[in-house]
Amino acid sequence: MSNIDLRDYINELYDLYGQLLTNKQKDIIEKYYFYNLSLKEISEELNISRTAVLDSLKHACDNLVHYEEKVGLFRKIKNIEGMNIPKKYLDEVLKELK
């Protein structure tokens, strides 16, 4: 999967479930995925470590995927049946962030 597909997926999940994240998680997701800031840039802007940014970003993405696994709005909207998309995409998210 390309980074564009991954970003699109996270953006879709964020649109659906973003309000369930903490303000810090929302801020970091927006900075990373919407404004294309690096982990270093985010850490400098928020005055926290790069590791803290990475951990928060991973946790936020994990939460978004978890919400999709439980609720399934993305699959319903895209009319995807019987596919285990969330786990596959979460693995890609985690690979990208390493």
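Which side chains meet in a salt bridge at 3.3 Å, N to O? They are the side chains of Asp27 and Lys31, and the first legend starts from this pair. The model is predicted, so local features need pLDDT of at least 70 and side-chain atom pairs count only at pLDDT 80 or more, while totals for chains, interfaces and linings use all residues. Residues are numbered from 1 along each chain as its sequence is written, and side-chain values use heavy atoms, with hydrogens and water left out.

**View 1. Salt bridges of Asp27, Lys31 and Glu45.** A salt bridge is a side-chain nitrogen of Lys or Arg within 4 Å of a carboxyl oxygen of Asp or Glu. Asp27 and Lys31 both belong to helix H2 (residues 23-34) and are separated by 4 residues, about one turn of the helix; helices are DSSP runs (H or I, at least four residues) numbered from the N terminus. Accessibility is classed as buried under 20% relative accessible area, exposed over 50% and partly exposed in between, with a 1.4 Å probe and protein chains only. Asp27 counts as partly exposed because its relative accessibility is 25%, whereas Lys31, with a relative accessible area of 11%, is buried. The side chain of Lys31 also meets that of Glu45 in a salt bridge (2.6 Å, N to O). This second pair links distant parts of the chain, with Lys31 in helix H2 and Glu45 in helix H3, 14 residues apart.

**View 2. The salt bridge within helix H3.** Glu44 and Lys40 meet through their side chains in a salt bridge of 3.9 Å, N to O. Both residues lie in helix H3, 4 residues apart, about one turn of the helix. Glu44 and Lys40 are each exposed. Salt bridges that share partners join Asp27, Lys31 and Glu45 into one network. A search of the whole structure finds 3 salt bridges.

**View 3. Packing of H2 against H3.** The axes of H2 and H3 are 10 Å apart and make an angle of about 135 degrees; axes are lines fitted to C-alpha atoms, for helices over the stretch in contact, and angles run from 0 to 180 degrees between N-to-C directions. H2 and H3 are therefore oblique to each other, given that angles under 35 degrees count as roughly parallel, over 145 as roughly antiparallel, 65 to 115 as roughly perpendicular and the rest as oblique. In this contact (heavy atoms within 4.5 Å), Asp27, Ile28, Lys31 and Tyr32 in H2 meet Leu39, Ile42, Glu45 and Leu46 in H3.

**View 4. Packing of H3 against H4.** Helix H3 (residues 39-46) and helix H4 (residues 50-71) pack at an angle of about 110 degrees, and their axes lie 8 Å apart. The two helices, H3 and H4, are therefore roughly perpendicular to each other. From H3, Leu39, Lys40, Ile42 and Ser43 meet Arg50, Val53, Leu54 and Leu57 in H4.

**View 5. Surroundings of Gln25.** Gln25 is found in helix H2. With a relative accessible area of 7%, Gln25 is buried. Leaving aside residues up to four places away in sequence, Gln25 touches Ser56, His59, Ala60 and Asn63.
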